[in-house]
Amino acid sequence: MSKDAVTTAAAASRTDAAQTPADAGDAGYSKDLKARHINMIAIGGAIGTGLFLGAGGRLNSAGPGLALAYLVCGVFAFFVVRALGELVVYRPSSGSFVSYAREFLGEKGAFVAGWAYFLNWSTTGIADITAIAMYTHYWSFFTDIPQWVLALIALAIVLAVNLISVKIFGEMEFWFSIVKVAALVAFMLIGIFLLVTQHPVGGETPGLHVITSNGGWFPEGIMPVVIVMQGVVFAYASLELVGVAAGETAEPQKIVPRAVNSIMWRVGLFYVGSVVLLALLMPGSMYSGDESPFVTVLSKIGVPAAGDVMNLVVLTAAMSSLNSGLYSTGRILRSMAMAGSAPKFTAKMNRSKVPYGGILLTSAVCVLGVGLNFLMPEKAFEIVLNVASIGIITTWVTIMVCHLAFVRRAKQGLLERPKFRLPGSPVTEIVTIVFLLSVLALMWQDPEIGRRTLYLIPVIAAALVGGWFVVRKRVAQNELDQSYEELGIK
């Protein structure tokens with residue numbers, strides 16, 4: 001029997017049985033994540049390093065108009081997560097969008113999606129350990145310790161914790177998110193109090209005049225706001241984590257829709273609201289990319305301890321992001337390894353049902369970030385942020401393309417869409433894809449870092465093409481073996 005005949009027969013068998021295609025990488029996981037874990041993971045994905053650290057430098061360069069950039073990017077991020085949420089309800093998988101790319105775009109699509117996501121999170125991990133080191137330097141006790149040493153210590157701690165079990169991961173993210181939400185709410189209450197009482201902040205009386213007397217909402221014009229959007233997109237880069245975590249919860253069809261639907265108001269409250277509040281308290285020129293804007297404000301009001309507390313909170317946020325990155329790439333790489341498109345050792349799980357191989361591979365790349373912190377500590381964060389943007393934009397475009405193919409098959413009667421749906425399909429997907437690609441093009445306007453990052457795209461593309469030629473025979477053999485298995489042929 002030929003390979004084509006076997007594959008066709010297997011496909012017919014699955015269709016006749018009315019079964020949803022399964023991802024071999026989903027086998028072996030525990031279902032220890034509860035509804036509260038998923039909900040707080042969704043919140044944690046919406047509140048991360050991009051807000052706590054990145055907003056300072058962007059307020060300095062773009063001014064209060066940064067709030068508009070967060071709003072626009074937040075809407076499109078919601079569309080992406082809503083599309084992913086529909087796919088999760090259709091078929092939960094720890095392989096998430098890589099599994100859906102395999103089903104709707106084929107193994108090549110899954111290969112590109114998976115390694116682009118690995119690029120995103122491995123470089124994001126570098127950004128996180130860089131942020132952790134920068135936050136730690138806020139305290140004079142750690143000033144003399146090199147940034148790269150602090151980065152290495154942070155990576156070692158989070159790696160050790162992530163390897164224990166998914167339940168521990170879920171509990172850590174739950175409490176990390178509680179701390180982040182509580183801190184942001186507390187800061188916003190303090191900021192509102194400062195506005196109402198007109199308490200001076202850094203020699204400025206807060207209020208709308210802080211914006212109007214310093215060049216308005218767009219002090220340098222609209223272009224700086226447009227240019228920072230590639231960094232703003234990075235701020236939302238953890239939202240898709242909900243789709244990965246759904247594979248390790250008992251009732252994803254009930255939990256995921258609630259978590260996804262709550263994302264939009266979080267974006268409005270935490271991102272847009274906090275940026276507007278920051279702009280009302282002090283001019284954008286008083287913020288810096290070297291320090292969290294929340295720390296800057298609290299330090300200016302004459303309560304140094306408040307700055308210390310907030311710095312500890314943003315340190316927690318960076319640790320949370322790093323923890324999430326190791327978690328998600330471990331699951332994605334295992335899904336790919338089971339299909340033959342990632343190294344075999346990334347499919348291995350420990351006794352706690354944690355895919356430690358993929359987690360260790362991501363950590364190994366993060367170690368390169370320790371070297372980057374040694375060579376260029378002042379530029380490390382922005383450099384890896386832009387590289388991560390390439391990965392996350394590729395991932396989000398893949399999700400929308402998968403959803404387009406999913407809807408098309410539903411219209412052909414090959415599958416049934418769940419009641420939880422992305423509205424406005426296919427227009428929503430197309431507009432989102434165009435927006436994401438335009439954001440990528442905006443990097444060209446930043447000659448120092450952004451343009452150099454774009455020069456990496458041909459290198460990344462060449463690496464993906466070369467990588468596919470390396471693994472394609474293994475992938476084809478894996479498909480053939482699975483077809484034989486489904487037909488009961490040994």
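Okay, one term before we start: when I say buried, I mean under 20% relative accessible area, with exposed being over 50% and partly exposed in between. And please keep in mind that this is a predicted model.

Let's go straight to a place where that term matters. Glutamate 107 and arginine 102 form a salt bridge, with their closest N and O atoms 3.0 Å apart. Are these two buried or exposed? Both glutamate 107 and arginine 102 turn out to be buried.

How many salt bridges does a search of the whole structure find? Three. In general, side chains of opposite charge can pair when their charged atoms come close. You've just met one of the pairs, glutamate 107 with arginine 102, so let me walk you through two others.

Here's one that I'd like you to find on the screen: arginine 417 and glutamate 86, whose side chains meet at 2.6 Å, N to O. Arginine 417 sits in the loop between helix 19 and helix 20, while glutamate 86 belongs to helix 5, so this pair ties together parts that are 331 residues apart in sequence. Again, both partners are buried.

Then there's glutamate 103 with arginine 91, a salt bridge of 2.9 Å, N to O. Glutamate 103 is in helix 6, residues 96-105, and arginine 91 is in the loop between helix 5 and helix 6, twelve residues away. Glutamate 103 has a relative accessible area of 13%, and because that is under 20%, it counts as buried. Arginine 91 comes in at 7%, so it counts as buried too.

Helix 5 has come up already, so let's stay with it. It has 25 residues and runs 36 Å from its first C-alpha to its last, close to the 36 Å expected at 1.5 Å a residue. Of those 25 residues, 20 are buried, so helix 5 is largely enclosed by the rest of the structure.

On to the inside. The largest nonpolar core has 134 residues, and the ones that touch the most other members are Tyr70, Trp115, Phe187, Tyr236, Met310 and Trp396. Which helix gives this core its largest share? That's helix 5, residues 66-90, with 16 residues.

For a shorter example, look at helix 16, residues 293-300. Six of its eight residues are buried, so this helix is also largely enclosed by the rest of the structure. The buried ones are Pro293, Phe294, Val295, Thr296, Val297 and Leu298. After helix 16 comes glycine 302, which has a positive phi, near 85°.

A couple of single residues are worth a stop as well. Lysine 180 lies in helix 9. At 1% relative accessibility, lysine 180 counts as buried. Its C-alpha is 7.2 Å from that of isoleucine 47, though the two are 133 residues apart in sequence.

What about cysteines? Cysteine 73 is buried at 1% relative accessible area, and cysteine 366 is buried at 0%. As a reminder, a disulfide is a covalent bond between the sulfur atoms of two cysteines. The disulfide count for this model comes to zero.

Now for some backbone oddities. Most residues other than glycine have a negative phi, and most peptide bonds are trans. Glutamine 198 has a positive phi, near 60°. You'll find glutamine 198 in the loop between helix 9 and helix 10, and with 37% relative accessibility it's partly exposed. The other oddity is the peptide bond from serine 425 to proline 426, which is cis, with omega near 5°.

Where does proline 426 sit? In the loop between helix 19 and helix 20. Glycine 424 is in the loop between those two helices as well, and it's partly exposed, at 46% relative accessible area. Glycine 424 and phenylalanine 79 are 345 residues apart in sequence, yet their C-alphas are 10.0 Å apart.

Let me finish on the surface. There's a nonpolar patch of about 630 Å², made by Leu68, Leu71, Leu208, Trp217, Phe218, Ile222 and Met223. Of these, let's take tryptophan 217, which is in the loop between helix 10 and helix 11. It has a relative accessible area of 37%, so it's partly exposed.

Note on methods
Residues are numbered from 1 along each chain as its sequence is written. This is a predicted model: local features need pLDDT of at least 70, side-chain atom pairs count only at pLDDT 80 or more; totals for chains, interfaces and linings use all residues. Side-chain values use heavy atoms; hydrogens and water are left out. Patches are made of residues with over 30% relative accessible area and no salt bridge: like charges are joined within 9 Å, nonpolar side chains (Val, Leu, Ile, Met, Phe, Trp, Tyr) within 5 Å. Accessible areas come from the Shrake-Rupley method with a 1.4 Å probe; for residues, only the protein chains shown count as cover. A salt bridge is a side-chain nitrogen of Lys or Arg within 4 Å of a carboxyl oxygen of Asp or Glu. Helices (H or I, at least four residues) and strands (E, at least two) are DSSP runs, numbered from the N terminus. Buried means under 20% relative accessible area, exposed over 50%, partly exposed in between (1.4 Å probe, protein chains only). A disulfide is a pair of cysteine sulfur atoms within 2.5 Å. A nonpolar core is a set of buried Ala, Val, Leu, Ile, Met, Phe, Trp, Tyr and Cys residues joined through side-chain atoms within 4.5 Å. The expected span of a helix is 1.5 Å times one less than its number of residues.
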